[in-house]
Amino acid sequence: MAQVVTIPTRPARIAALNDRYRHHAAIRVLRDALRDPELGRVAMVSSFGADSVALLHMIALVDRDTPVLFVDTQMLFPETLAYQQEVAAKLGLTDVRIIRATPAAIAAADPDGDLNQTNPDACCDLRKTVPLNKALQGFDSWITGRKRFQAASRADIDFFEEDPAGPRIKINPLAHWTAQDVADYIVNNNLPRHPLVSQGYPSIGCAPCTSPVQEGEDPRAGRWRGQQKTECGIHFVNGKLQRIQPAEAEPAEAETAAFEPVDGQPVIVRDSGFAADDFTGEILDLESDTNLDEANVNFREAELIRIAFPSFTDGRGFTIARRLRMAGYKGRLRAHGHVIADQFPMARRSGFDEVEIDADLARRQPWELWKRSSEVAPSYLTRLGRQA
Ligand code: SF4
């Protein structure tokens, strides 16, 4: 008589894996997961964010040829892109794969790059979930850096869990680590920290959707601040993808609401609201690729310096502004070109006093969007404890 072999279901396999590794340390879970035939072909997915370097370091110790998938939404902070290169080189990771939405998909669904304003779930789907799911198709399991302490929505995660987005298993070696464990590991192994951590970002995502976190707040409170959205769609909560509409925008202040953009005339955005351009002096214009070390100009004398942003994904203007402020420039700094409302916090942090936009953008992105951004990110003067 033939013997009947019962193949365990995926939930049963996951329960058995959690049982088997219950008392294991993170590095052991990681090492065994990369060799366990039950988990098949394994990739790591990393945002190269605030804590990522700890797990990336472990991966490099166990097998530096492990595929590491990095989703570049093309909305990331320039600091994240530079940090990704630095960490990969330092750890000797040999197979970092940059995952992006196709230009055709972006052109079709988000040609102006402002989908994050109108429908952040759709934006995350377009720029993260869809490209990542495509990249994961050759794998049976994937490693994440998720931890229980990060947010209430992650309080129950275990080492192994089902991936509701596909027939794969998610591996969370750091699930039980605390924030202190991560910090200790990074210090003890002398690993580089993401530069934005020291600027109040314990969790770092895309620039338009990430703001600094105040003391005592949930570490992920700065992600999609002011909205009920908590996850990007790569991760699910209690097995369900959350589909929550953005919170209602706050009403505009009366005086700003009264401001009417006029076609052909610039609109100036400041902390106080929209205004017409009142500057009548001489403007020093800098391009986004200006090399301050080589430009033969006395910047200190300029009353107003205007820095061009040819595209919202081009962050070089922020760097120029920071360098001017660090060099002691006290005059007025203005960003102009393709700057959107969610970049207002970064503009203020970088030292800009104001942003110049055209009437069309001012109508599409009214003052309440800029105001909400300015409220969660103090200006560079406030951060330095000086009078704005
Ligand atoms: S985090 Fe924001 S900008 Fe990034 S993909 Fe999601 S909605 Fe878009």
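The following paragraphs describe aromatic pairing, internal cavities, one bent helix and several individual residues in a predicted model.

Aromatic contacts are considered at the outset. Nine aromatic pairs are present in the structure, and one of them is formed by Phe77 and Tyr201, whose rings meet edge-to-face with a centre-to-centre distance of 5.7 Å and an angle of 75° between the planes. Phe77 is located in the loop that runs between strand S2 (68-71) and helix H4 (78-91), while Tyr201 belongs to the loop between helix H8 (179-188) and helix H9 (254-257), and the pair therefore ties together parts of the chain that are 124 residues apart in sequence. Both partners fall below the 20% limit under which a residue is classed as buried: the relative accessibility of Phe77 is 1%, and that of Tyr201 is 0%. Elsewhere, Phe309, Phe318 and Phe352 are linked by ring pairs into a cluster.

The loop between H8 and H9, which holds Tyr201, also contains Asn190 and Gln199, and these residues are described here together. Asn190 is exposed, its relative accessible area being 62%, and its phi is positive, at about 55°, although the residue is not a glycine. Gln199, by contrast, is partly exposed, with a relative accessible area of 27%; this value lies between the limits of 20% and 50% that separate buried from exposed residues, and Gln199 is therefore assigned to neither of those two classes. The C-alpha atom of Gln199 is separated by 7.4 Å from that of Pro212, a residue 13 positions away along the chain.

A positive phi is also found at Phe48, where the angle is near 50° in a residue other than glycine. In general, most residues other than glycine have a negative phi. Phe48 is placed in the loop between strand S1 (42-45) and helix H3 (52-63), and with a relative accessible area of 0% Phe48 is buried, whereas Asn190 is exposed.

Attention then turns to the empty space inside the model. Where such space is left can be shown by rolling a probe the size of a water molecule over the atoms. Three cavities of 30 Å³ or more are held within the structure, and the largest cavity has a volume of about 70 Å³. Its lining is made up of 12 residues, of which Asn116, Cys123, Cys124, Cys206 and Cys209 are the closest to the centre of the cavity. By residue class, the lining of the largest cavity comprises eight nonpolar, two polar and two charged residues. The element that gives the most to this lining is helix H7 (residues 120-135), which supplies five residues.

Helix H7 itself has 16 residues and reaches 21 Å from its first C-alpha to its last, a span close to the 22 Å expected at 1.5 Å a residue. A bend of about 40° is nevertheless found in H7 at Leu126, and Leu126 is itself among the buried residues of the helix. The buried residues of H7 include Cys123 and Cys124, both of which are also among the residues closest to the centre of the largest cavity. Charged side chains are represented in the buried set as well, including Asp121, Arg127 and Lys128, and two prolines, Pro120 and Pro131, are likewise buried.

Two further residues illustrate spatial proximity between positions separated in sequence. Arg334 lies in strand S11 (residues 332-337) and is buried, with a relative accessible area of 0%; the C-alpha atoms of Arg334 and Ile305 are 6.2 Å apart, although 29 residues separate them along the chain. Trp370 is placed in helix H13 (residues 367-376) and also counts as buried, at 0% relative accessibility. Between the C-alpha atoms of Trp370 and Asp342 the distance in space is 6.9 Å, and the two residues are 28 residues apart in sequence.

Notes:
Residues numbered from 1 in each chain as written. Predicted model: local features only at pLDDT ≥ 70, side-chain atom pairs only at ≥ 80, totals over all residues. Heavy atoms only, no water. Phe/Tyr/Trp six-rings, centres within 6.5 Å; stacked < 30°, edge-to-face > 60°. Helix = DSSP H or I, 4+ residues; strand = E, 2+ residues; numbered from the N terminus. Buried < 20%, exposed > 50% of the residue type's maximum accessible area, 1.4 Å probe, protein only. 1 Å grid on protein atoms, 1.4 Å probe; cavity = no way out; pocket = protein on both sides within 12 Å on 5 of 7 lines; lining within 4 Å. Points joined across faces, edges and corners; volume = space filled by probe spheres on them. Expected span 1.5 Å × (residues − 1). Bend = angle between axes of the 7 residues up to and from the residue.
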